[in-house]
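Hi there,

Here is the structure I promised to pass on to you. Have a look at it first, and my notes follow underneath.

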Amino acid sequence: MTSLKRILVTGGAGFLGSYLCEKLLEQGHDVICLDNFFTSQKSNVLHLLGNRNFELIRHDVTIPIFLEVDQVYNLACPAAPGHYQFNPIKTMKTSVLGAIHVLGMAKRCHARVLQASTSEIYGDPEVHPQTESYRGCVNTLGPRACYDEGKRAAETLFMDYHRANNVDIRLVRIFNTYGPRMHPYDGRVISNFIRQALTNEDITLFGDGSQTRSFCYRDDLIDVMIRMMNHEEEGFVGPVNIGNPHEFTIRELAELVVELTGSKSQIVCKPLPQDDPTQRRPDITLAKEHLHWEPQIQLREGLQKTIDWFRSIRLSDYRPPTPRY
């Protein structure tokens, strides 16, 4: 039987963080959810507030906080381009200072700490699919660099704390993920397409739609994050790619959303943003070999579940976190 732990989840009221909190509570753990609610919704964790093992703290990870914990999942950071570009300096601070603060806590408490890194550290990749050994192709001066380089710096900090201070770390690199509780105005391609389709607005493709992505359903992603946190193989701390290796063009995604929603939306093209990756697909060999994991829910099934959730909410209950959406 798994021993019960006190677990901190930074960014715990977000799309992924809230579901992670839910799963950890189901396992009987004490869960502390920390969030500043910039891009998250308190409604995501409203159903957890009555659980005696759940605690919600409004706090920004750029400011130190002192807690006694056994594990830390560090998910705090805006993840959609429009949101992280809205205040790029704050985005960089969130990645770098947030990493320093959770690593300092882990060092003091002798806790294990998992960093939710990203496929964005690969930039616009010259290697396809991307393996963990690939070092990336990132424009350090571009509008996406605040997120890409912030996450790269956080990985460096995690490895240096591990080597210099023997902090017990885990590193995962998350590829495109979707599912219920996505913020309707987060600017991600799936939430944009579903929201536009359900309101019969034009579906906006950036570029000609030939760029590719690989989409992992939320439940699969949280499953492997928990597996990685609790994996006890000596010397295996990551980084590990976690995502769905099945690749789709953005145009194929738009057409599938129109089909599943029965929308009357038209697909229109707009200019491709600077430094937008043209290909993105994870090599998940390490996750298969070490964690015995691969995604179970494929795109059509996951999209239908996500569309059903979008139909169940009122868009008027959500506000765009930034003026970009």
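Let me start with the inside. By class, 7 nonpolar and 3 polar residues line the largest cavity, and no charged residues do. Please keep in mind that this is a predicted model.

Which residues are these? The lining of the largest cavity is made up of L8, T10, L34, V61, I63, I65, G98, H101, V102 and M105. Helix 3 makes the greatest contribution to this lining, with 4 residues, and strand 1 and helix 3 (88–109) each provide at least two. The space in the largest cavity comes to about 60 Å³. Searching the whole structure turned up 1 cavity of 30 Å³ or more.

Next, the second largest pocket, which holds about 160 Å³ of space. Its lining consists of I121, E132, S133, Y134, R135, R152, E155, T156 and R173. By class, that lining has 5 charged, 2 polar and 2 nonpolar residues. Helix 4 gives the most here, with 3 residues.

Now for the sheet. There is an open sheet of 7 strands, paired in parallel, in the order 3-2-1-4-5-6-11. Strand 3 (54–58) and strand 11 (240–242) are the edge strands, and each of them pairs on one side only. From one strand to the next, the twist averages 20 degrees.

Within the sheet, strand 1 (residues 6–10) pairs in the parallel sense with strand 2 (residues 30–35) over 5 bridges. If you want a spot to find on screen, I7 stands opposite V31 in strand 2. Helix 1 (residues 15–26) packs on the sheet and touches strand 1, strand 2, strand 3, strand 4 (71–74) and strand 6 (168–174). The direction of helix 1 makes about 170 degrees with that of strand 1. Helix 4, which also came up with the pocket, spans residues 145–165 and lies across strand 5 (112–118) and strand 6. Helix 4 runs at about 155 degrees to strand 5.

One last residue for you: is R213 buried or exposed? R213 is part of strand 9 (residues 212–214). R213 counts as buried because its relative accessibility is 8%, and the cut-off for buried is under 20%. Leaving out residues up to four places away in sequence, R213 touches N176, H246, E247, F248, I250, D276, P277, T278, Q279 and R280.

Happy to go through any of this with you over coffee.

Best wishes

Methods. Residues are numbered from 1 along each chain as its sequence is written. This is a predicted model: local features need pLDDT of at least 70, side-chain atom pairs count only at pLDDT 80 or more; totals for chains, interfaces and linings use all residues. Side-chain values use heavy atoms; hydrogens and water are left out. Two strands pair if DSSP finds at least two bridges between them. Axes are lines fitted to C-alpha atoms, for helices over the stretch in contact, and angles run from 0 to 180 degrees between N-to-C directions. Contact means heavy atoms within 4.5 Å. Buried means under 20% relative accessible area, exposed over 50%, partly exposed in between (1.4 Å probe, protein chains only). On a 1 Å grid over the protein atoms alone, a cavity is a set of points where a 1.4 Å probe fits but cannot get out, and a pocket is an open set with protein on both sides within 12 Å along at least five of seven lines; lining residues have an atom within 4 Å of a point. Grid points are joined across faces, edges and corners, and a volume is the space filled by probe spheres set on the points. Ala, Val, Leu, Ile, Met, Phe, Trp, Tyr, Cys and Pro count as nonpolar, Asp, Glu, Lys and Arg as charged, and the others, Gly among them, as polar.
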